[in-house]
Amino acid sequence: FDKIAKKYDIIMLASLQLAMNSKGKLFLDGSELSMSKGMIEVLESLLLMRSVYSEELDKDNKKYYCHPFRLKKVNDKWIEEEYKPDTSAVWRMVFTEKCRTGANSSDNGIAYLLKYDGDHCIFREVAQCRPKHGEIR
């Protein structure tokens with residue numbers, strides 16, 4: 001894929017499966033890739049996505065709450081404005097594991113919350129969040 005992309009100067013996307021032992025893990029990194037770890041070396045960017053657990057959206061659950069927020073510009077400064085997600089919606093969390101031109105989730109602790117409409121295959125970036133390191137079983 002890398003050779004083809006460079007030869008034709010195109011962007012290539014590849015969907016990879018996360019390892020089954022990553023189920024329940026809250027903060028994803030490249031070690032969760034199933035049988036594809038060698039690909040990380042040639043990638044420009046690596047995004048990892050998982051389902052969001054209801055406990056992560058429950059503000060009263062201090063152990064797992066992911067602290068969703070949106071950035072808002074106030075007086076030429078960006079501030080984090082708390083965001084309250086709809087708990088009846090379906091959510092996905094995206095981690096930037098590798099990005100040659102910016103910060104990674106491992107660097108800044110930030111992931112992205114996407115609202116998912118599976119009937120129409122629509123992902124909407126709604127907010128950012130700070131997921132906990134740990135596992136839900």
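**Reading a fold, feature by feature**

Biologist: Let's start with one residue: does Phe-95 count as buried or exposed?

Modeller: Phe-95 has 0% relative accessibility, so this residue counts as buried. The general idea is a cut-off on relative accessible area: buried is under 20%, exposed is over 50%, and partly exposed lies in between, using a 1.4 Å probe and protein chains only. Please remember that this is a predicted model, in which local features need pLDDT of at least 70 and side-chain atom pairs count only at pLDDT 80 or more, while totals for chains, interfaces and linings use all residues. Residues are numbered from 1 along each chain as its sequence is written, and side-chain values use heavy atoms, with hydrogens and water left out.

Biologist: How many helices and strands does the protein have?

Modeller: Both kinds of element are DSSP runs numbered from the N terminus: helices are H or I with at least four residues, strands are E with at least two. The protein has 2 helices and 6 strands, in the order α-β-β-β-β-α-β-β along the sequence. Buried residues account for 36% of its 137 residues.

Biologist: Which strand does S1 pair with, and in what sense?

Modeller: Strands pair if DSSP finds at least two bridges between them. Here S1 and S4 are antiparallel, with 7 bridges, and Leu-48 sits opposite Phe-95 in S4. In a regular strand the side chains alternate between the two faces of the sheet. For S1, the covered face holds Leu-46, Leu-48 and Arg-50, and the uncovered face holds Ser-45, Leu-47, Met-49 and Ser-51.

Biologist: What lies between S2 and S3?

Modeller: Those two strands form a hairpin with 2 residues between them, and Asn-75 in the turn has a positive phi of about 50°. S2 (residues 69-74) and S3 (residues 77-82) are antiparallel over 6 bridges, with Arg-70 opposite Glu-81 in S3.

Biologist: Which residues touch the most other members of the largest nonpolar core?

Modeller: A nonpolar core is a set of buried Ala, Val, Leu, Ile, Met, Phe, Trp, Tyr and Cys residues joined through side-chain atoms within 4.5 Å. The largest one has 21 residues, and Leu-48, Trp-91, Met-93, Phe-95 and Leu-113 touch the most other members. S1, S4, S5 (111-117) and S6 (122-129) each contribute at least two residues to this core. In soluble globular proteins, nonpolar side chains tend to be buried together.

Biologist: How many aromatic pairs are there?

Modeller: Rings of Phe, Tyr and Trp (its six-membered ring) pair if their centres lie within 6.5 Å; planes under 30 degrees apart are stacked, over 60 edge-to-face, and the rest tilted. The structure holds 2 such pairs. In one of them, the rings of Phe-27 and Phe-95 have centres 5.1 Å apart and planes at 65°, so this pair is edge-to-face. It links distant parts of the chain, 68 residues apart: Phe-27 is in the loop between H1 (2-8) and S1 (45-51), and Phe-95 is in S4 (residues 90-99). Phe-27 is buried too, at 6% relative accessibility.

Biologist: Why does Cys-66 make no bond to Cys-129?

Modeller: A disulfide is a pair of cysteine sulfur atoms within 2.5 Å. The sulfur of Cys-66 is 4.2 Å from its closest cysteine sulfur, in Cys-129, so the two are too far apart for a bond. The structure holds 0 disulfides. Cys-66 is buried at 0% relative accessible area, whereas Cys-121 is exposed at 56%.
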